[in-house]
Amino acid sequence: MTDLDSLSIPSVSVILVNYNAGPWLTEAVGAALDSSVAVEVIVSDNGSSDESLERLRRVHGRDARLRILENGANLGFAAANNRALSLARAERLLFLNPDCLIAPDTLERLIHYFDARPDVGMIGCLVLDPDGSEQVACRRAIPDPWIALRRILRLDRLSRSASGRCLDQRHQPRPTAPVEVEAISGAFMLTTRRALERVGPLDAGYFLHCEDLDWFVRFHEAGLKILFVPDVSVTHHKGACSTGDPLAVERHKHRGMVRFFRKHQMQRHSRLFGWLVILGIWAHFGLRAVAIWLGSGGRR
């Protein structure tokens with residue numbers, strides 16, 4: 001019997017996809033291992049070329065609760081998570097970015113909602129920047145072409161879409177109790193095997209970006225609620241795995257936007273409008289590419 005086999009089934013399986021996350025991987029894994037509930041941590045590595053895995057093994061390599069899956073190549077975020085899922089033993093599953101730090105009581109304070117709310121399939125919490133400010137993605141609407149246009153024109157702070165939905169909800173009062181939302185941050189997604197039996201795993205057709213939005217839509221279609229818990233917070237050092245090639249990141253992001261629109265929204269509109277939206281997505285990518293080429297890093 002191996003050390004892993006001798007361990008009891010954990011309360012939560014924590015899955016992290018690593019691609020050159022540097023020292024943040026070790027910090028994130030260490031924070032997860034310090035949880036007040038029993039956990040196992042599975043790191044799915046997408047062919048990292050930095051020292052992140054070596055550092056992780058030096059610091060936590062002897063902990064039987066840690067497993068490292070080396071994929072040998074960059075499979076993308078969704079596919080790497082799905083590969084790790086096959087190794088997970090717990091009923092509850094946390095998909096965590098390798099630059100996201102949880103507190104010891106984070107999971108303990110969240111997992112009871114699955115028992116209290118059978119209609120809840122996924123839980124998110126308050127995701128903060130290192131300076132303590134709320135990140136835009138931790139409570140949001142599912143974007144549609146009109147919301148996206150308003151965001152590009154920088155009008156999202158001034159008004160809402162015709163449907164009353166607002167993408168950036170940081171400018172609305174933060175709820176004081178758990179609330180149902182359309183979408184949470186993909187950096188911290190807590191779900192269950194029971195939910196995935198109804199929804200399925202992440203769509204590996206996405207390489208990077210929009211796979212989380214696709215998942216949220218499918219959760220809603222399966223009749224499962226997504227819960228945002230505002231009094232539990234984590235810190236996300238955003239973009240640790242996306243700093244090497246900003247143009248490639250933008251390309252994958254815009255491909256994801258096209259896939260998401262064609263899969264979930266294009267059928268609601270005329271064919272002409274649909275192709276105009278796709279053209280607009282790639283035109284937006286062109287503008288971002290020019291900005292990167294001019295040295296702005298695409299962050300303006």
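Contact, a word used in every view below, means that heavy atoms lie within 4.5 Å. This is a predicted model, in which local features need pLDDT of at least 70 and side-chain atom pairs count only at pLDDT 80 or more, while totals for chains, interfaces and linings use all residues. Residues are numbered from 1 along each chain as its sequence is written, and side-chain values use heavy atoms, with hydrogens and water left out.

**View 1. The whole chain, with its 11 helices and 9 strands.** Let us start with the overall picture. Helices (H or I, at least four residues) and strands (E, at least two) are DSSP runs, numbered from the N terminus. The protein chain has 300 residues, and 51% of them count as buried. Here buried means under 20% relative accessible area, exposed means over 50%, and partly exposed lies in between (1.4 Å probe, protein chains only). The accessible surface of the chain is about 14400 Å², with 53% of it belonging to carbon and sulfur atoms; such areas come from the Shrake-Rupley method with a 1.4 Å probe, and for residues only the protein chains shown count as cover. Among contacts between residues at least 6 apart in sequence, 80% join residues at least 24 apart.

**View 2. Helix α2 and its cover.** Helix α2 spans residues 23-33, and 8 of its 11 residues are buried. Those buried residues are Leu25, Thr26, Ala28, Val29, Gly30, Ala31, Ala32 and Leu33. To see what covers them, look for elements including β1 (12-18), β2 (39-45), α3 (52-60), β3 (66-70) and β5 (100-101).

**View 3. Helix α4, largely enclosed by the rest of the structure.** This helix covers residues 77-85, and 7 of its 9 residues are buried. You can find the buried ones at Phe77, Ala78, Ala79, Ala80, Asn81, Ala84 and Leu85. Their cover includes the strands β1, β2, β3 and β4 (92-96), together with the helices α8 (193-199) and α9 (211-221).

**View 4. Threonine 192 in strand β8.** The strand runs over residues 188-192. Threonine 192 is buried, with a relative accessible area of 3%. Which residues does threonine 192 contact, leaving aside its neighbours within four places in sequence? They are Glu91, Arg92, Leu93, Phe114 and Gly121.

**View 5. The loop between α8 and α9, with histidine 209 and cysteine 210.** Histidine 209 has a positive phi of about 85 degrees although it is not a glycine. Cysteine 210, also a residue other than glycine, has a positive phi near 80 degrees. Are these two residues buried or partly exposed? Histidine 209 is partly exposed at 27% relative accessible area, whereas cysteine 210 counts as buried at 11%.

**View 6. Lysine 253 of helix α10 and its contacts.** Apart from neighbours within four places in sequence, lysine 253 touches Leu208, His209 and Cys210. Lysine 253 is partly exposed, with a relative accessible area of 21%. Its C-alpha atom and that of glutamate 211 are separated by 9.8 Å, although the two residues are 42 apart along the chain.

**View 7. Helices α9 and α10, roughly parallel to each other.** The two helices pack at an angle of about 20 degrees, with their axes 10 Å apart. Axes are lines fitted to C-alpha atoms, for helices over the stretch in contact, and angles run from 0 to 180 degrees between N-to-C directions. Angles under 35 degrees count as roughly parallel, over 145 as roughly antiparallel, 65 to 115 as roughly perpendicular and the rest as oblique. Leu213, Asp214, Val217, Arg218 and Glu221 of α9 make the contact with Phe260, Lys263 and His264 of α10.

**View 8. Helices α10 and α11, roughly antiparallel to each other.** Helix α10 (residues 246-264) packs against helix α11 (residues 271-293) at an angle of about 170 degrees, and their axes are 10 Å apart. Residues of α10 in the contact include Leu247, His254, Val258 and Phe261, which meet a set in α11 that includes Trp275, Ile278, Trp282 and Phe285.

**View 9. Residues 272-294, listed by UniProt as "transmembrane region".** The listing comes from an unreviewed entry; UniProt positions follow the numbering used here, feature names are shortened, and annotations may be inferred rather than shown by experiment. Over this stretch the chain is 96% helix and 0% strand. The C-alpha atoms at its ends are 33 Å apart.
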